[in-house]
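Subject: Structure handover

Hello,

Here is the structure for you to load. My notes follow below it.

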Amino acid sequence: MLSAVQEPAAVAAVTVVPLNVVSLPGSVRTGAFSSRLLDEIRQVWKPSAVLTDTCDLDALPFFNQDVEGEDDAPPRVRELRRGVADADALLIVTPEYNRSLPARVKNALDWCSRPHGACALTGKPVAVVTCSPAPSGGIVAYHHARQVLHAAGALPVGSKEFAVPNVFTCFDERGEFVENTVRDWLTELLTELSAAVTSGAR
Ligand SMILES: Cc1cc2nc3c(=O)[nH]c(=O)nc-3n(C[C@H](O)[C@H](O)[C@H](O)COP(=O)(O)O)c2cc1C
């Protein structure tokens, strides 16, 4: 039986550790829409997730299987692989180039997928967001990215297609992000990414 007056239950101190998410940006163009979208994601996901760029993808050499081994790989590749392996999750925010994902992203994923048996992407939850000034939102690149991630053994998350159409409409004339529907999607995506991390991959 419950007593009339209950002692307050002791509240355990809970420390919420933010997700460590490595971002792989698809564009370095000055003023790139995808970079601006990435900035918005950084804001929306704060403080639940901290986004870091583990290395400059443009500084990576093109993939070469002769030097794919852990001891032979170029230093920047080893740095990328270490960052990816240590991350809770990855985030790819990218435009579509010629109906696919930009080579810089594919190159980074190829390096991370090797050597066989030591893939830094295995079981890694990955969120993909594409955008385009066109109405398609870069949907083909979105699916290509997920296909590549599946092939490498990663875990692409997202119950809907996170492809942002007409991306220029997301920003006002001062460059402020004004598209609340997209902001809501981004929150949803973080929820799905967090769920994938906490369900075992972390
Ligand atoms: C090489 C190249 C190929 C492109 N191919 C596509 C494409 O297949 N689909 C698309 O929607 N936009 C395509 N675009 C247009 C880009 O979506 C547009 O330039 C966009 O602003 C680039 O993204 P960013 O602003 O993040 O740099 C292409 C642009 C370039 C430079």
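**Strand β4 and what surrounds it**

Start with β4. P125, A127, V129 and C131 point one way from this strand, and V126, V128 and T130 point the other way. Both sets are buried. Keep in mind that this is a predicted model.

How many residues of β4 are buried? Seven of the seven, across residues 125-131, so the strand is largely enclosed by the rest of the structure.

Now its partners. β4 pairs with strand β3 (residues 89-94) in the parallel sense, over five bridges. One pair to look at: L91 has A127 as its bridge partner in β4. Between these two strands the chain passes through helix α3 (residues 103-112), and this β-α-β crossover is right-handed.

Strand β5 (residues 155-157) also runs parallel to β4, with three bridges joining them. Here V126 stands opposite P156. The chain gets from β4 to β5 through helix α4 (residues 139-151), again as a β-α-β crossover that is right-handed.

Strand β6 (residues 163-164) pairs with β4 as well, in the parallel sense, over two bridges. T130 stands opposite A163 there.

**Strand β3 and β1**

β3 is mostly covered, with six of its six residues buried. A89, L91 and V93 point one way, while L90, I92 and T94 point the other.

β3 is also joined to β1 by five bridges, and these two run parallel. V21 stands opposite A89 in β3.

**The core**

The largest nonpolar core has 57 residues. Which residues have the most contacts inside it? They are V21, W45, L80, L91, L109, L121 and V129. Helix α5 (residues 180-201) gives the most to this core, with seven residues.

V21 deserves a separate look. Leaving aside neighbours within four places in sequence, V21 is in contact with W45, A49, V50, L51, T52, A89, L90, L91 and L193. So three names recur: W45 and L91 are on the list of residues with the most contacts inside the core, and A89 is the residue that V21 stands opposite in β3.

**The ligand site**

There are 14 residues around the ligand. Of these, S27, R29, S34, E96 and S132 come nearest.

Three polar pairs are worth checking in your viewer:

- R29: a polar side-chain atom lies 2.7 Å from an oxygen atom of the ligand.
- S132: a polar side-chain atom lies 2.7 Å from an oxygen atom of the ligand.
- N98: a backbone N or O atom lies 2.8 Å from a nitrogen atom of the ligand.

**S27**

Where is S27 found? In the loop between β1 (19-25) and α1 (33-45). Is S27 buried or exposed? With a relative accessible area of 8%, under the 20% cut-off, S27 counts as buried.

The S27 side chain reaches the backbone nitrogen of R29 at 3.2 Å. R29 in turn has the side-chain pair with the ligand given above. Setting aside neighbours within four places in sequence, S27 is in contact with A32, S34, S35, P95, Y97 and R104. One of these, S34, is also among the residues that come nearest the ligand.

Best wishes

Conventions: Residues numbered from 1 in each chain as written. Predicted model: local features only at pLDDT ≥ 70, side-chain atom pairs only at ≥ 80, totals over all residues. Heavy atoms only, no water. Helix = DSSP H or I, 4+ residues; strand = E, 2+ residues; numbered from the N terminus. Buried < 20%, exposed > 50% of the residue type's maximum accessible area, 1.4 Å probe, protein only. Polar contact = N/O pair within 3.5 Å; in protein donor to acceptor, adjacent residues only side chain to side chain. Contact = heavy atoms within 4.5 Å. Pairing = 2+ DSSP bridges. Right-handed = clockwise from strand over helix to strand, strands pointing away. Core = buried A, V, L, I, M, F, W, Y, C linked by side-chain atoms within 4.5 Å. Near = heavy atom within 4 Å.
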